[in-house]
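Hi there,

Here is the structure I promised to pass on. Please open it alongside this email, and the notes underneath should help you find your way around.

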Amino acid sequence: MHESQTKSQFVAVASIAAELSAVMEVAKEISLAAANAKAIAFRAGEKAKGFQPITDFINDLAKETIALVNKINAHALQLYRLTVNEQRITEACKYFEKAAISARGAAYADSLTPLLLQAQVRKQSSRREFERHVVELLDQLGEVMHPARAARVIAANSRIEASQAGEYLQSLQAVAESVDHAAQIIHDKVHRCRSALSLIINSAL
Amino acid sequence: MKMTKIYEGSHQWIMFGRDPHKADKIIDTNQYLVRTGRRCLLIDPGGIELFAPMLAAVLHYAPVEEITDLFASHQDPDIISSLGLWDQALPKAKLHASALWEGFLRHYGCDSIEYVAIPDNGGVINLEGLELKIIPAHYLHSSANFHIYDPIAKVLFSGDVGAALEAPGAPMFVENFDTHVDKMRFFHQRWMPSNQAKRVWIDKVRSLDIQIMAPQHGRVFKGDDVKRFLDWFENLQVGIAV
């Protein structure tokens with residue numbers, strides 16, 4: 001791993017954590033919108049009968065997203081630790097190689113050879129472990145896309161139901177808009193995370 | 001890296017310093033190796049930039065697997081910021097350092113090396129029967145600070161006490177104590193915070209039989225220059241910044 005690669009890897013992993021934190025905020029907003037919609041639907045009674053089960057769906061989706069993001073956050077933290085480990089072993093290899101050059105002619109220069117070989121093996125194994133975690137994280141991020149897509153479908157249904165809610169039309173439409181907007185933001189942010197991760201993997205190949 | 005044997009008997013003391021490749025703005029440091037039959041103690045191994053030249057220099061005296069112990073007199077980067085690399089190179093080694101600094105020193109990376117925490121009253125490092133005494137030197141300058149005394153070789157590793165700021169390539173030993181004083185005065189007055197700590201240390205060290213006093217910067221004191229240093233230091237007011 002070159003120095004510039006290490007830096008971009010640190011930045012990418014840190015940016016994923018930042019994007020995930022934003023996703024979490026948006027998911028919490030959706031949860032709030034669901035509670036708000038439930039209250040409106042309750043007040044609207046018969047006029048918003050079709051809207052009531054939708055509010056439960058919205059809430060479930062928000063909860064599912066929050067749970068997934070929590071899981072992914074723990075994984076992203078693990079990825080950061082692996083990046084630190086990889087950077088340390090890469091640095092160590094660099095310094096061991098320098099020492100081996102400087103030690104030429106020293107009585108015990110040969111004792112450095114096994115150390116150098118072991119460090120190179122650890123470096124390769126550390127890279128493989130990092131890549132394995134990136135692939136797993138990409139899959140988990142893909143899972144977050146599902147509730148985000150479902151939320152957009154629910155938002156479309158909500159608009160239809162809202163249109164039959166009489167004087168509650170505007171309030172329920174606002175809920176539908178806010179869910180749709182939030183789902184779009186989650187989709188975009190998760191997409192950015194996936195792109196950043198793919199970049200790390202591709203640059204290492 | 002210049003390598004100088006400062007004691008040879010049943011075991012060896014080797015001093016490393018005056019690295020010609022050292023960057024200009026980095027302070028020059030002395031590192032020491034105590035070598036017994038099959039074990040080595042590396043004293044104040046140095047900054048991260050010094051790791052490769054130090055490891056290469058040590059290989060003139062011992063194989064990697066026989067570097068079994070490290071000692072850090074205190075927490076400063078010029079003393080031990082190379083720890084993360086030694087940790088990768090010597091996974092079975094022990095680091096002897098103050099209990100007080102453990103949580104701080106681990107920031108440099110200490111996953112494999114065993115951290116042997118030194119209590120405030122010091123202790124002993126045993127290298128195949130050679131008992132090296134860990135002498136407390138708190139507040140000289142660090143709040144948890146230790147020196148090493150070898151009663152067989154009569155060598156005192158004195159950390160920052162006795163340090164001098166020198167031009168690159170300065171000789172390894174003090175040749176004229178009176179002229180050397182100018183290179184030590186400000187360093188000791190500004191870096192050492194406590195006259196009380198200084199007096200306690202001098203009382204302790206005067207009870208030891210010392211032939212060589214080896215600081216972490218500057219030159220090594222031999223014979224009567226050790227006593228001259230203690231007298232000079234006793235009369236010096238330190239902690240001058242306040």
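Below is what I found, chain by chain, and then where the chains meet.

One thing to keep in mind from the start: this is a predicted model.

**Chain A**

Chain A is built from 4 helices and 0 strands, so if you follow the chain from its N terminus you will meet the elements in the order α-α-α-α. For the 205 residues of chain A the globule rule gives 17 Å, but the radius of gyration is 25 Å, well over that value, so chain A is more spread out than a compact globule. You can see this in the dimensions too: the C-alpha trace spans about 90 × 20 × 20 Å along its principal axes. Of the 205 residues in chain A, 34% are buried. If you look at contacts in chain A between residues at least 6 apart in sequence, 84% of them join residues at least 24 apart.

**Chain B overall**

Chain B has both kinds of element, with 7 helices and 13 strands. Its radius of gyration is 17 Å, which agrees with the value near 18 Å that a compact globule of 242 residues would have. The C-alpha atoms of chain B fill a box of roughly 45 × 40 × 35 Å along the principal axes. Buried residues account for 49% of the 242 in chain B. Among the contacts in chain B with a separation of 6 or more, 62% are between residues 24 or more positions apart.

**The strands of chain B**

A good place to begin is the N-terminal part of the numbering, with β1(B) (residues 2-8) and β2(B) (residues 12-17), which pair in the antiparallel sense over 6 bridges. A hairpin of 3 residues joins β1(B) to β2(B). To find the register, look for B:T4, which stands opposite B:M15 in β2(B).

Further along there is an open sheet of 6 strands in chain B, with mixed pairing and the order β8-β9-β10-β11-β12-β13. The edges are β8 (123-127) and β13 (221-222) of chain B; each has a single partner strand, so one side of each is left without a neighbour in the sheet.

Which strands does β12(B) pair with? On one side, β11(B) (residues 155-159) pairs with β12(B) (residues 212-215) in the parallel sense over 4 bridges, and B:L156 stands opposite B:M213 there. The other pairing, between β12(B) and β13(B), is antiparallel and runs over 2 bridges. B:M213 comes up again here, as it stands opposite B:F221 in β13(B). The hairpin of β12(B) and β13(B) has 5 residues between the strands, and B:G218 takes a positive phi near 85° in it.

Both faces of β12(B) are covered. B:I212 and B:A214 are buried on one side, and B:M213 and B:P215 are buried on the other.

**Helix α5 of chain B**

Helix α5(B) covers residues 177-191, which is 15 residues. From its first C-alpha to its last it reaches 20 Å, close to the 21 Å expected at 1.5 Å a residue. The helix does bend, by about 40° at B:M184.

Which residues of α5(B) are buried? They include B:H180, B:M184 and B:H188. An α-helix has 3.6 residues a turn, so residues three or four places apart point the same way. Part of what covers the buried residues of α5(B) is α7 (224-234) of chain B.

**Where the chains meet**

How many residues are in contact between the chains? There are 16 in chain B, in contact with 17 residues of chain A. On the side of chain B that touches chain A, the elements that give two or more residues are α1 (51-58) and α3 (83-89) of chain B. Of the elements, α1(B) gives the most, with 5 residues. By type, the residues on this side of chain B divide into 11 nonpolar, 4 polar and 1 charged.

Have fun exploring it, and write back with any questions.

Best wishes

Methods
Residues are numbered from 1 along each chain as its sequence is written. Chains are lettered from A and ligands numbered from 1 in the order in which they are written. This is a predicted model: local features need pLDDT of at least 70, side-chain atom pairs count only at pLDDT 80 or more; totals for chains, interfaces and linings use all residues. The expected span of a helix is 1.5 Å times one less than its number of residues. The bend at a residue is the angle between axes fitted to the seven residues ending there and the seven starting there. A residue is buried if 20 or more other C-beta atoms lie within 10 Å of its own, exposed if 12 or fewer, and partly exposed in between; C-beta atoms are placed from the backbone. Two residues are in contact if their C-beta atoms, placed from the backbone, lie within 7 Å. Ala, Val, Leu, Ile, Met, Phe, Trp, Tyr, Cys and Pro count as nonpolar, Asp, Glu, Lys and Arg as charged, and the others, Gly among them, as polar. The radius of gyration is taken over C-alpha atoms; the globule rule is 2.2 Å times the number of residues to the power 0.38. Two strands pair if DSSP finds at least two bridges between them.
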